[in-house]
Amino acid sequence: MPATLSLDQARRIALAAQGLDKGRPTGPVTSRTVGRTFARLQLVQIDSVNVLARSHFLPFFSRLGNYDRTILQRMSGAHPRRMVEYWAHEASYIRPEHFPDLRLWQKRAWVGAAGMEPGVRATISARILETLSSARPMTAAEIAARIGHIEEKQTDNWGWNWSAVKRVLEHLFEEGLVSAASRTEQFERKYTLTSRVLPAVHLGEPGEPDPAPALHRLIDAAALAHGIGTVRCFADYFRTPVKAAAASVEHLVECGRLERVTVTGWNREVFRHVEATLPRSAAGRALLSPFDSLVFERRRLEELFGFHYRIEIYTPEHKRRYGYYVLPFLLRDRIVARVDLKADRTGGKLLAKSAFAEPGAPADTAVELAAELRLMADWLGLPDVEVGNRGDLAANLGKAVAGSQPVSALREQTSRGAVSLP
């Protein structure tokens, strides 16, 4: 008979798997600490929106607090790389060992040049690969200039007006022949041959006769990152096909890597990874990016936490319910609030444009959220926090922020022995 878990227990398993069940490290955050966190998560999603901070920086802040973002730049942009870009949940930084497996299972032809005339695509591909074989990493625009490709700029498709060179580059990226060596300040990829980014990784060939072992490894990694979940949860983590993922789940059950469990109130077949831990309690506190791996799978989020969530970036402003860039606020083992955040870099402020409490939010929600906002502002180098008046939590949050001190001031007092930081 499968083990029976309460919903509270399932939540704690999920939080522990994601490194969100405990308080943050009290000492300096080192490259090793960041590396261990990334190994636990398996991937972090990339997104170009920079209203607060680039999305791949935020999961590490949620789990580690104030850390040096250049650590991630070194991990992704210098040998030996500990993270590389590829398609996974979406565009993501992944662990290098997952690259050959994902290459067999990712089918994102729509992002590149699949619709181009084959002869044109082949000609541009050959010129790009020849150029990159003897050149430094370059952006799409630099490559187009190097190979002498000129075309009229398109403006009819907002957000996707890519040149033919950019489309072919993305096609080669999806095929795994070209990779991103780094990013520019404007967040443009600097392309190079994948063999230069991952010289020690055997790539294999797309369409190998039996890609099943690769999927077994990916689903095992997804299940370990989730701790507990359904077939759909595990398939969604790396965006692999659900039907094939179901076969991998059965294989992992037979191998003893996964076990069937029953979760009270969760009316789907649920599996727990054998390495997942069940802490006695959860004591974490974190603002979660809209692209955080804890909130990837919305149905799982609602079933585990009773939290309905959607990103409203692409919703017209007058139709938004909570705001443009809304972060869930995790306190202990519940998601207790949500807050719309913006970094006002010119004004030196972290703006909480709206704040809403969830039903049953504990009495200390505003105070704990105020402390979290102060911590985030310090990490972003913003001296002040300003709270707007929208939302049922806004008034209490504004008072709590006004009554709190910037982390920099507390740090100065700590150095004088006047107070101790939590």
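In this predicted model, one open sheet is built from 3 strands in the order S2-S4-S3, and its pairing is antiparallel. Strand S2 (43-45) and strand S3 (84-87) sit at the edges, each pairing on one side only. Going from one strand to the next, the twist averages 35°. Between S3 and strand S4 (residues 91-94) there are 4 bridges, with the two strands running antiparallel. Valine 84 is part of this pairing, and its bridge partner in S4 is isoleucine 94. A helix also comes into the picture here: helix H2 (residues 31-41) lies across S2 and S4, and it runs at about 85° to S2.

Next comes another open sheet, this one with 4 strands in the order S1-S8-S9-S7 and with mixed pairing. Its edge strands are strand S1 (3-5) and strand S7 (228-229), and each of these pairs on one side only. What does the mixed pairing look like, strand by strand? On the S1 side, S1 and strand S8 (residues 258-263) pair in the parallel sense, with 3 bridges between them. Alanine 3 stands opposite valine 261 in S8, while threonine 4 faces another threonine, residue 262 in S8. On to S9: S8 and strand S9 (residues 270-273) pair in the antiparallel sense, over 4 bridges. Here arginine 260 stands opposite phenylalanine 271 in S9. S8 and S9 also make up a hairpin, with 6 residues between the two strands. In the turn of that hairpin, glycine 265 has a positive phi of about 85°. As for what holds such arrangements together, strands of a sheet pair through backbone hydrogen bonds, be it in the parallel or the antiparallel sense.

A further hairpin is formed by S5 and S6, with 5 residues between them. Strand S5 (residues 178-183) is joined to strand S6 (residues 189-193) by 5 bridges, and the two run antiparallel. Arginine meets arginine in this pair, with arginine 183 standing opposite arginine 189 in S6. Which residue in the turn has a positive phi? That is phenylalanine 187, with a value of about 70°.

Turning to helix packing, helix H1 (residues 7-17) and helix H13 (residues 298-305) have axes that come within 9 Å and cross at roughly 130°. With that crossing angle, H1 is therefore oblique to H13. From H1, the contact is made by Leu7, Ala10, Arg11, Ala14 and Leu15, and from H13 by Arg300, Glu303, Leu304 and Phe305. By class, the residues of this contact are 6 nonpolar and 3 charged, with no polar ones.

Finally, there is the matter of empty space inside the model. Rolling a probe the size of a water molecule over the atoms shows where such space is left. How many cavities of 30 Å³ or more does the structure hold? The count is 1, and the volume of the largest cavity is about 40 Å³. The residues lining the largest cavity are Pro290, Tyr309, Arg310, Ile311, Glu312, Ile313, Gly323, Tyr324, Tyr325 and Val326. Sorted by class, this lining has 7 nonpolar residues, 1 polar residue and 2 charged residues.

Notes: Residues numbered from 1 in each chain as written. Predicted model: local features only at pLDDT ≥ 70, side-chain atom pairs only at ≥ 80, totals over all residues. Heavy atoms only, no water. Pairing = 2+ DSSP bridges. Axes fitted to C-alpha atoms, helices over the stretch in contact; angles between N-to-C directions. Contact = heavy atoms within 4.5 Å. 1 Å grid on protein atoms, 1.4 Å probe; cavity = no way out; pocket = protein on both sides within 12 Å on 5 of 7 lines; lining within 4 Å. Points joined across faces, edges and corners; volume = space filled by probe spheres on them. Nonpolar A, V, L, I, M, F, W, Y, C, P; charged D, E, K, R; others polar. Parallel < 35°, antiparallel > 145°, perpendicular 65-115°, else oblique.
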